Amino acid sequence: MTESLRTTVSGAVTSRRAELATFLRVRRAELKPEDVGLRVPPGRRNTPGLRREEVAQISGVGVTWYTWLEQGRSITASAHVIDALARGLRLDQENHRHLRHLAGLPTPEPDQMPEGATPELTRLLAALVPAPACLLGQRFDFVAWNETFAALWDPGGLPEGRRNLMWLTFADPVHRRRWVDWDDRSRILLAQFRAAAGRHAGDARFNELIDALRAASPEFRALWPRYLVKQSITGPISIRHPTAGVIKLDVIELGVSAHPSLTLVVQIPVRAVDRKKLATLL
């Protein structure tokens, strides 16, 4: 590591520690003892909000260690302690994720979060018509979709529990025939699914779906051991619709920051004729 790079990394770490210290002090000042179930003797308190020793008490961490954190000292914060502080300070999920980030830890995965579309996201999908658009969950399940996407792909027609992009691509014979370039596109999708499964190693729902895809698709079974990895499905696709013919689309993939378990996928018509063909499907 060069000296300039070492200096840059050191500066970034120092800045993050300072941010962590500020974040903890502000969150501590926002809480009163009664907010966290503490009884205090009557009389005037000089400290606005909770005292450091009170945060340490309700979080189950050492007072000295917590004080060093608020001072921005060079100490290592374990996930166990940071999560305990998040609970003690009554942080919501968004603030908990931010605390983890400032501590240099992976942000908590929303493994048990229900994956559903809010009214705002539903209106967004509708506003994108005639472009087909859907919301995918972290396991590539179809969470919601707009009218054009339904007309083109019919995810609601997939079996219950199998409304999933990988199932549509590998295990549904009707839909897989719609990919003009199925060989290339299926590998791209599988590579992104492989990367997502790696980030959720041990997830029971992922494992069940992988086993089902292995059993249902010889191609999936052959490709899975190759460990192809890709981080995005963005790129051009061509779809062969039984009545509209070939439609060329550009796939755009966008994260939903307010709902990190969801991904917005929009299929934008490339040519004016493609837009007209999509309109005929409505």
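Among contacts in the protein chain between residues at least 6 apart in sequence, what percentage join residues at least 24 apart? For this chain, that comes to 53%. Good morning, everyone, and please keep in mind that what you see is a predicted model.

Let me begin with the whole chain. The protein has 13 helices and 5 strands. Its C-alpha trace spans about 80 × 45 × 40 Å along the principal axes. The radius of gyration is 25 Å, whereas a compact globule of 282 residues would have one near 19 Å. As for burial, 43% of the 282 residues count as buried. The accessible surface comes to about 14,900 Å², and carbon and sulfur atoms account for 53% of that. If you like to think about charge, there are 39 positive and 30 negative charges, and their mean positions are 3 Å apart.

Now some local stops, going along the chain. Please find helix H1, residues 3-30, and look for Arg27. Is Arg27 buried or exposed? Arg27 is buried, because its relative accessible area is 18% and the cut-off for buried is under 20%. Its side chain makes a polar contact of 2.8 Å with the side chain of Glu30. Here is a reminder for those who work with helices: an α-helix has 3.6 residues a turn, so residues three or four places apart point the same way. Setting aside residues up to four places away in sequence, Arg27 touches Leu89, Leu91 and Asn95.

The next stop is helix H4, residues 79-88. How many of its 10 residues are buried? The count is 7, so to speak a mostly covered helix. The buried residues are Val81, Ile82, Asp83, Ala84, Leu85, Ala86 and Gly88. What covers them includes helix H2 (52-59), helix H3 (63-70) and helix H5 (93-102).

Right after H4 comes Arg90, with a positive phi near 60°. Arg90 has this positive phi although it is not a glycine. You will find Arg90 in the loop between H4 and H5. Arg90 is classed as partly exposed because its relative accessible area is 45%, and that class lies between the 20% and 50% cut-offs.

There is another residue of this kind further along, so let me jump ahead for a moment. Tyr227 has a phi near 55°, again a positive value in a residue other than glycine. Tyr227 sits in the loop between helix H12 (218-223) and strand S3 (235-241). With a relative accessible area of 49%, Tyr227 is partly exposed.

Back to the middle of the chain, and to a proline. Which residue is joined to Pro130 by a cis peptide bond? The partner is Val129, and omega is about 15°. Pro130 belongs to the loop between helix H6 (119-127) and strand S1 (133-136). From Pro130 we can step across to Phe149: the two are 19 residues apart along the chain, and their C-alpha atoms are separated by 8.7 Å.

Phe149 itself is in helix H7, residues 147-153. Phe149 counts as buried because its relative accessibility is 3%. And what is around it? Apart from neighbours within four places in sequence, Phe149 is in contact with Pro132, Ala133, Cys134, Phe142, Asp154, Pro155 and Gln267.

One of those contacts, Asp154, leads us to a histidine. His175 also contacts Asp154, along with Trp153, Leu158 and Leu168, again leaving aside neighbours within four places. His175 is in helix H9, residues 173-176, and at a relative accessible area of 6% His175 is buried. Which side chain makes a polar contact with the side chain of His175? That is Asp172, at 2.7 Å. In addition, a polar atom of the His175 side chain lies 2.3 Å from the backbone oxygen of Trp153.

My last stop is Asp183, in helix H10, residues 182-199. Asp183 is partly exposed, with a relative accessible area of 47%. Asp183 and Glu219 are 36 residues apart along the chain, and their C-alpha atoms are separated by 9.5 Å.

That brings me to the end of the tour. Thank you for listening, and I am happy to go back to any of these stops with you.

Definitions and conventions. Residues are numbered from 1 along each chain as its sequence is written. This is a predicted model: local features need pLDDT of at least 70, side-chain atom pairs count only at pLDDT 80 or more; totals for chains, interfaces and linings use all residues. Side-chain values use heavy atoms; hydrogens and water are left out. Helices (H or I, at least four residues) and strands (E, at least two) are DSSP runs, numbered from the N terminus. The radius of gyration is taken over C-alpha atoms; the globule rule is 2.2 Å times the number of residues to the power 0.38. Buried means under 20% relative accessible area, exposed over 50%, partly exposed in between (1.4 Å probe, protein chains only). Contact means heavy atoms within 4.5 Å. Accessible areas come from the Shrake-Rupley method with a 1.4 Å probe; for residues, only the protein chains shown count as cover. Lys and Arg count as positive and Asp and Glu as negative; His and the chain ends are not counted. The place of a charge is taken as NZ of Lys, CZ of Arg, CG of Asp or CD of Glu. A polar contact is a pair of N or O atoms within 3.5 Å; within protein, one must be able to donate a hydrogen and the other to accept it, and residues adjacent in sequence count only if both atoms are side-chain atoms.
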